[in-house]
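This briefing is meant to be read with the model open alongside. It goes through a handful of local features, grouped by topic.

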Amino acid sequence: EPLTDDCGLGDCAIDQGDDDATTSKEKRSSSSNTKTIHFQRHGQGYHNLICDMWRELDRPIDFDSPDPNLNPVVRPEFLDPPLTALGMQQCTSQRRLCATLSPQLVIVSPMLRCLQTAKLSFRDHVGKVPWVAHEGCREELGLLVGNKRRSVGEIREDYPEIDFSDIKHDGDVLWEEYGERRETLLEKSERIYEFLTEYVRHRPEDEISIVCHSAYLFTLLNAVMDVDDEELRSW
């Protein structure tokens with residue numbers, strides 16, 4: 001069922017994995033404007049762990065504050081945090097499922113936690129299909145150092161098999177432009193919409209995997225797309 005007649009994304013529909021591979025291919029072939037997208041959120045990162053520890057200690061977190069005593073994610077040590085051991089286990093546990101998918105392209109956020117997630121979960125697709133990094137599927141921009149990436153030159157040294165050519169700046173210009181404020185819901189929604197309509201839709205591949213972030217997916221399913229399923233729209 002189309003989500004909306006004027007979403008601008010073609011025949012948008014939510015597939016919760018109930019169809020077999022043949023049915024999925026039939027759906028794709030029914031319209032040249034239809035793509036199958038597999039979204040995956042990254043595993044637990046160290047910034048997630050620290051925030052969970054704060055909550056366990058009943059310490060409130062003000063994510064809009066630049067004060068590290070109120071908001072641990074603004075500390076410089078949180079720059080582009082990696083996965084925890086638990087996060088790696090979470091990603092590895094999804095490998096068998098991801099191996100059953102047939103993406104013709106893997107798009108990944110340039111954040112380290114997403115790069116690690118993609119390599120662990122989609123390991124069986126490495127070297128078989130193109131892998132590209134794109135700023136359009138990264139987490140909320142501004143203020144939170146945990147959402148600031150390293151330079152492309154540094155990341156590329158660790159992941160030479162991933163194509164970073166769609167990222168315009170070596171440094172994290174997008175994040176820095178926001179200064180001490182977070183990207184608004186409207187700004188984030190527009191960035192996601194532009195990524196889907198101007199980049200993903202015009203890719204030649206029919207089936208694509210996108211490894212991204214929780215707040216990104218929450219915005220996608222609540223503000224960008226018209227989704228009726230309450231479970232999909234929940235945090």
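What follows covers strand pairing, one buried helix, aromatic and charged side chains, and one loop residue. The model is predicted, and every value given below is computed from it. Strand β2 (residues 105-108) has its residues buried, and this strand is joined by parallel bridges to β4 and to β3.

**Strand β2 and its partners**
- From β2, Leu105 and Ile107 point one way while Val106 and Val108 point the other way, and all of them are buried.
- In a regular strand, side chains alternate between the two faces of the sheet.
- Between β2 and β4 there are four bridges, and the two strands run parallel; in this pairing Leu105 has Ile208 of β4 as its bridge partner.
- Between β2 and β3 (residues 131-133) there are three bridges, again with the strands parallel, and here Val108 stands opposite Ala133 of β3.
- The connection from β2 through helix α5 (residues 112-121) to β3 makes a right-handed β-α-β unit.

**Helix α9**
- Within helix α9 (residues 214-224), the buried residues are Ala215, Tyr216, Leu217, Thr219, Leu220, Leu221 and Val224.
- The elements covering these buried residues of α9 include two strands, β1 (36-41) and β4 (207-212), together with the helices α8 (185-200) and α10 (230-233).

**Aromatic rings and a charge**
- A search of the whole structure finds one aromatic pair, formed by Phe195 and Tyr199, whose ring centres are 5.9 Å apart.
- Because the ring planes of Phe195 and Tyr199 lie at 15 degrees, which is under the cut-off of 30 degrees, the pair counts as stacked.
- Phe195 and Tyr199 are four residues apart in helix α8, and are therefore separated by about one helical turn; both Phe195 and Tyr199 are buried.
- An α-helix has 3.6 residues a turn, so residues three or four places apart point the same way.
- Elsewhere, the charged end of Arg59 sits over the ring of Trp54, at 3.8 Å from the centre of that ring.

**Loop residue Asn71**
- Asn71 is placed in the loop between α2 (46-56) and α3 (85-93).
- Because its relative accessible area is 0%, Asn71 is classed as buried.
- Apart from neighbours within four places in sequence, the contacts of Asn71 are with Trp54, Ile61, Asp62, Phe63, Asp64, Ser65, Leu143 and Leu144.
- Trp54 thus appears twice in this briefing, as a contact of Asn71 and as the residue whose ring lies under the charged end of Arg59.

How values were computed
Residues are numbered from 1 along each chain as its sequence is written. This is a predicted model: local features need pLDDT of at least 70, side-chain atom pairs count only at pLDDT 80 or more; totals for chains, interfaces and linings use all residues. Side-chain values use heavy atoms; hydrogens and water are left out. Buried means under 20% relative accessible area, exposed over 50%, partly exposed in between (1.4 Å probe, protein chains only). Contact means heavy atoms within 4.5 Å. Two strands pair if DSSP finds at least two bridges between them. A crossover is right-handed if, with the strands pointing away from the viewer, the path from the first strand over the helix to the second runs clockwise. Rings of Phe, Tyr and Trp (its six-membered ring) pair if their centres lie within 6.5 Å; planes under 30 degrees apart count as stacked, over 60 as edge-to-face and the rest as tilted. A charge sits over a ring if NZ of Lys or CZ of Arg is within 6 Å of the ring centre and within 35 degrees of the ring normal.
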